[in-house]
Number of protein chains: 4
Amino acid sequence: MSRAPLAPVADDVSPEGATETRGARSAKRQQILDAATRVFASRGYHGARVSDIAREAGIAYGLVYHYFRNKDEILDTIFAERWGAFVGVVDGIAAGEQPAAEKLRQLAALVLFAYRRRPDWVKVLVFEIQRTSRFSEPEQIEAVGRLFRSVARIVRVGQESGELRRDLDANLVCLAFIGALETMITSQVLGVMRLPDESQAADDRTVRTVVSLFLGGLAARSET
Amino acid sequence: MSRAPLAPVADDVSPEGATETRGARSAKRQQILDAATRVFASRGYHGARVSDIAREAGIAYGLVYHYFRNKDEILDTIFAERWGAFVGVVDGIAAGEQPAAEKLRQLAALVLFAYRRRPDWVKVLVFEIQRTSRFSEPEQIEAVGRLFRSVARIVRVGQESGELRRDLDANLVCLAFIGALETMITSQVLGVMRLPDESQAADDRTVRTVVSLFLGGLAARSET
Amino acid sequence: MSRAPLAPVADDVSPEGATETRGARSAKRQQILDAATRVFASRGYHGARVSDIAREAGIAYGLVYHYFRNKDEILDTIFAERWGAFVGVVDGIAAGEQPAAEKLRQLAALVLFAYRRRPDWVKVLVFEIQRTSRFSEPEQIEAVGRLFRSVARIVRVGQESGELRRDLDANLVCLAFIGALETMITSQVLGVMRLPDESQAADDRTVRTVVSLFLGGLAARSET
Amino acid sequence: MSRAPLAPVADDVSPEGATETRGARSAKRQQILDAATRVFASRGYHGARVSDIAREAGIAYGLVYHYFRNKDEILDTIFAERWGAFVGVVDGIAAGEQPAAEKLRQLAALVLFAYRRRPDWVKVLVFEIQRTSRFSEPEQIEAVGRLFRSVARIVRVGQESGELRRDLDANLVCLAFIGALETMITSQVLGVMRLPDESQAADDRTVRTVVSLFLGGLAARSET
DNA sequence: CATGAATGAGCGTTCATTCAT
DNA sequence: GATGAATGAACGCTCATTCAT
């Protein structure tokens with residue numbers, strides 16, 4: 001129930017709506033992007049051959065170069081589209097009127113649901129992007145910065161409204177929260193530490209736990 | 001003062017002690033590992049050519065193959081040595097008698113100090129290892145699992161002793177804490193969100209903030 | 001004045017007359033040939049993509065294949081048309097009644113004026129044709145042979161009439177004369193050895209010098 | 001007899017002397033250059049695959065890249081070495097004390113003998129070099145300029161000594177002479193206009209004819 | 001041990017040509 | 001005729017790895 005507003009949120013990260021309205025040219029282009037996402041997610045950017053992408057997309061080799069200048073541009077395009085959509089949703093959450101705690105909950109849910117719905121996208125965004133040396137390029141850094149600023153805004157607004165402690169640096173809090181969420185995903189991808197189960201119910205529990213952890217802290221309250 | 005126990009801790013992560021006791025053979029071998037660490041850290045694993053490593057080490061590049069079967073094995077060796085040392089220190093912290101809060105503080109300080117002292121090591125451990133598809137191999141997963149279990153133990157012991165809340169899944173808490181620390185480092189490496197300054201004092205502050213965040217939580221306490 | 005007969009000569013090398021009488025189909029075809037000539041002249045045959053030609057011609061590049069079997073055929077066609085026109089004019093000069101000296105002057109003027117008026121055509125004829133391995137094909141060789149024979153005829157007729165020395169092999173003389181003219185052009189194209197200036201007056205002077213050189217020889221006459 | 005001084009001249013254009021004194025490393029490098037010269041001469045630069053060169057040299061593909069950065073560099077190296085040697089000999093002729101007429105004779109003989117002895121070298125120098133767009137690079141232009149200046153010097157000195165007519169621009173004369181020689185070679189390469197026979201005796205005759213043509217001129221002398 | 005020459009599989013990219021619309 | 005999407009063979013180059021000395 002309290003997650004009602006998140007359903008559309010998570011859906012906005014999905015592409016179908018936008019895709020279908022595009023013309024034939026973009027349809028083929030999108031085929032390539034989707035295929036590349038799958039291939040990058042499963043073999044990694046470096047392990048993915050352009051021919052793999054073409055085969056996965058069911059098109060001829062050379063056609064990839066009709067739509068993209070080179071392999072790099074494919075990754076860049078995926079990043080720009082997906083990351084842009086993702087940060088857009090986060091911006092929306094940050095700009096809302098709900099309490100800071102709810103915003104953090106929505107953010108956590110967004111991340112975990114996104115991985116549940118589109119594991120390939122998330123794998124590529126989280127793992128592959130940063131592998132390219134391109135990650136250190138100003139453009140990419142700026143893109144990551146956008147997310148950080150958006151999340152930091154949630155924290156800062158919460159502090160100003162008195163909901164959140166003011167003695168903690170908002171930037172550091174934001175980094176910690178993002179890092180915590182990222183590791184949740186990583187651990188699932190790698191299966192390093194399998195969470196109880198992988199149902200959506202598990203995600204709900206994870207979300208609740210993380211938010212409760214960040215809001216209430218670890219320390220046991222001495223009950224008097 | 002309270003960091004006194006950490007000095008040795010941080011030093012144990014450094015390699016010199018172990019290195020010097022080895023023979024001449026190992027000296028050259030270590031040269032290669034050190035050179036490889038620097039090269040991997042600056043160009044990434046995929047961007048590093050074996051010849052780069054050899055040049056950095058000041059040896060002929062055919063010689064690399066006397067000491068290592070192939071390029072992968074160099075990375076594996078670095079990982080095994082550094083990660084092993086690191087996890088060893090974490091194990092030590094986890095096994096200590098100090099309060100859970102102090103253990104977490106030591107862990108945070110260990111990570112941040114390690115990056116301050118040996119940025120190349122940390123970059124390779126954090127960024128390069130997982131880029132290889134080898135990261136998904138059982139061996140590597142198990143190595144990461146060791147760290148997670150060690151940290152989880154800190155949490156669990158704290159819960160059992162009543163220091164920490166019992167209603168939070170220890171594994172999730174551990175993931176969140178590790179993720180938070182990792183992101184602190186990442187943000188510094190990328191310069192995405194520069195922390196106030198980069199002195200050790202800044203690290204101290206970061207450590208305190210993170211620990212305070214995890215222990216006390218974000219929520220403002222209504223003071224009655 | 002003495003160049004009066006050359007004006008029409010040089011103009012015959014130009015294409016407009018012939019082009020305009022052709023139908024619409026040929027108009028588009030000619031567009032392609034003209035565009036190709038410009039592109040070949042500036043980037044070279046190998047450096048010219050079919051798409052470059054199409055873009056320069058302002059048409060879709062698939063259309064090129066409606067008019068020409070392939071890229072080679074475009075060059076072949078340009079060669080056949082331009083070279084044919086050029087050799088035709090040379091034939092005309094060779095068949096004339098004017099003295100051999102005047103014929104050589106007209107030939108030299110034809111070549112230099114042609115380059116001045118249509119540098120692209122000349123560049124393609126002189127530089128690009130022979131680069132294709134096709135140049136060694138019998139057809140092309142025969143075309144070049146036609147020019148040589150025409151020029152050789154000028155020399156031979158002059159020898160028979162007593163105007164020119166008979167002790168020099170007419171073929172060799174003809175090769176030398178053609179080579180001299182070709183190098184005049186080459187040096188201008190490359191700017192290797194800039195001639196005094198590039199006005200038509202300079203061409204006149206060049207023509208006079210070359211003819212004087214070939215007729216009178218280099219040796220200083222001992223004046224008694 | 002009068003050609004005695006030319007024997008060493010022509011030999012200086014050959015490489016063996018220098019080659020044999022080089023070490024093993026250069027031997028392999030030279031193998032590649034020689035093989036490349038043959039392949040370039042027969043298939044043209046663009047038609048020559050790196051694998052062709054490697055096969056012709058009897059070495060592994062990758063080894064080519066051990067000695068040369070890329071295919072271009074091979075051609076550049078051949079050009080630099082051969083052209084340099086050639087221009088050096090021309091410089092020597094130009095600097096001599098012999099009469100201008102003899103210098104021109106030596107130059108003509110040098111060119112024709114070089115082609116007779118090393119047709120591949122000459123083909124590559126004359127035909128392949130200029131095909132690369134690199135030919136328009138300042139370096140190459142300068143190299144060609146060196147030859148032109150050296151030949152122009154022969155003419156100018158002859159003019160100053162009173163041996164040659166002073167009313168002809170030395171640069172133009174030089175261009176004409178070089179062009180005449182180049183076309184002699186071209187015609188033989190292409191077989192466009194087969195000279196009587198291809199023996200060295202034929203070369204001698206060609207040399208004599210060309211020199212006689214340039215010195216005495218075409219015009220029949222009215223014998224009084 | 002040490003060197004670096006030698007090997008060759010592998011991959012990204014280009015571009016002439018074909019073809020469906 | 002006209003378009004440009006689609007195809008795929010071809011080739012330059014890289015670089016991990018081997019091997020002779």
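**Exercise 1. The fold of chain A**

Determine how many helices and strands chain A contains, and how much of the chain is buried.

*Solution.* Step 1: in this predicted model, chain A has 11 helices and 0 strands. Step 2: read from the N terminus, the elements of chain A are α-α-α-α-α-α-α-α-α-α-α. Step 3: chain A has 224 residues, of which 42% are buried; a residue counts as buried if 20 or more other C-beta atoms lie within 10 Å of its own. Step 4: among contacts in chain A with a separation of 6 or more, 67% join residues 24 or more positions apart.

**Exercise 2. The contact of chains A and B**

Establish which elements of chain A touch chain B, and which relation connects the two chains.

*Solution.* Step 1: the contact draws 44 residues from chain A and 44 residues from chain B. Step 2: on the side of chain A, two or more residues each come from α9 (138-160), α10 (170-190) and α11 (200-216). Step 3: α10(A) provides the largest share of that side, 13 residues. Step 4: by class, the side of chain A that touches chain B comprises 22 nonpolar, 17 polar and 5 charged residues. Step 5: a turn of 180 degrees with a shift of 0.1 Å along the axis lays chain A on chain B with an RMSD of 0.1 Å. This is therefore the relation of a two-fold axis. Step 6: G217(A) has the C-alpha of chain A nearest the axis, 1.7 Å from it. Step 7: since 100% of the interface residues of chain A are also interface residues in chain B, the copies meet through the same surface.

**Exercise 3. The pair of chains C and D**

Find the turn and shift that lay chain C on chain D, and describe how helix α10 of chain C packs with helix α10 of chain D.

*Solution.* Step 1: chain C is laid on chain D by a turn of 180 degrees and a shift of 0.0 Å along the axis, with an RMSD of 0.2 Å. Step 2: in chain C, the C-alpha of G217(C) is nearest the axis, at 1.7 Å. Step 3: 100% of the interface residues of chain C are also interface residues in chain D, so these copies meet through the same surface. Step 4: α10 (residues 170-190) of chain C and α10 (residues 170-190) of chain D have axes 7 Å apart and pack at an angle of about 115 degrees. Step 5: the crossing of α10(C) with α10(D) is right-handed. Step 6: the residues that meet include L175(C), I178(C) and M184(C) from α10(C), with L175(D), I178(D) and M184(D) among those of α10(D). Step 7: this contact has 10 nonpolar, 6 polar and 2 charged residues.

**Exercise 4. A helix of chain D**

Decide whether helix α8 of chain D is largely enclosed or not.

*Solution.* Step 1: the buried residues in α8(D) are W121(D), V122(D), K123(D), V124(D), L125(D), F127(D) and E128(D). Step 2: because 7 of the 10 residues of α8 (residues 119-128) of chain D are buried, the helix is largely enclosed by the rest of the structure.

**Exercise 5. The surface near DNA strand F**

Identify the residues that come nearest to DNA strand F and the elements that supply the surface near the strand.

*Solution.* Step 1: there are 31 residues around DNA strand F, and A60(A), G62(A), N70(B), A60(C) and G62(C) come nearest. Step 2: at least two residues each are supplied by α3 (24-43) of chain A, α4 (50-57) of chain B, α3 (24-43) of chain C, and α4 (50-57) and α5 (61-67) of chain D. Step 3: α5(D) gives the largest share, 3 residues. Step 4: the surface near DNA strand F divides into 13 nonpolar, 10 polar and 8 charged residues.

Key. Residues numbered from 1 in each chain as written. Chains lettered and ligands numbered in written order. Predicted model: local features only at pLDDT ≥ 70, side-chain atom pairs only at ≥ 80, totals over all residues. Axes fitted to C-alpha atoms, helices over the stretch in contact; angles between N-to-C directions. Helix = DSSP H or I, 4+ residues; strand = E, 2+ residues; numbered from the N terminus. Left-handed = near helix turned anticlockwise from the far one by under 90°. Contact = placed C-beta atoms within 7 Å. Nonpolar A, V, L, I, M, F, W, Y, C, P; charged D, E, K, R; others polar. Near = placed C-beta within 6 Å. Least-squares fit on C-alpha atoms with pLDDT ≥ 70 in both. Buried ≥ 20, exposed ≤ 12 C-beta atoms within 10 Å, placed from the backbone.
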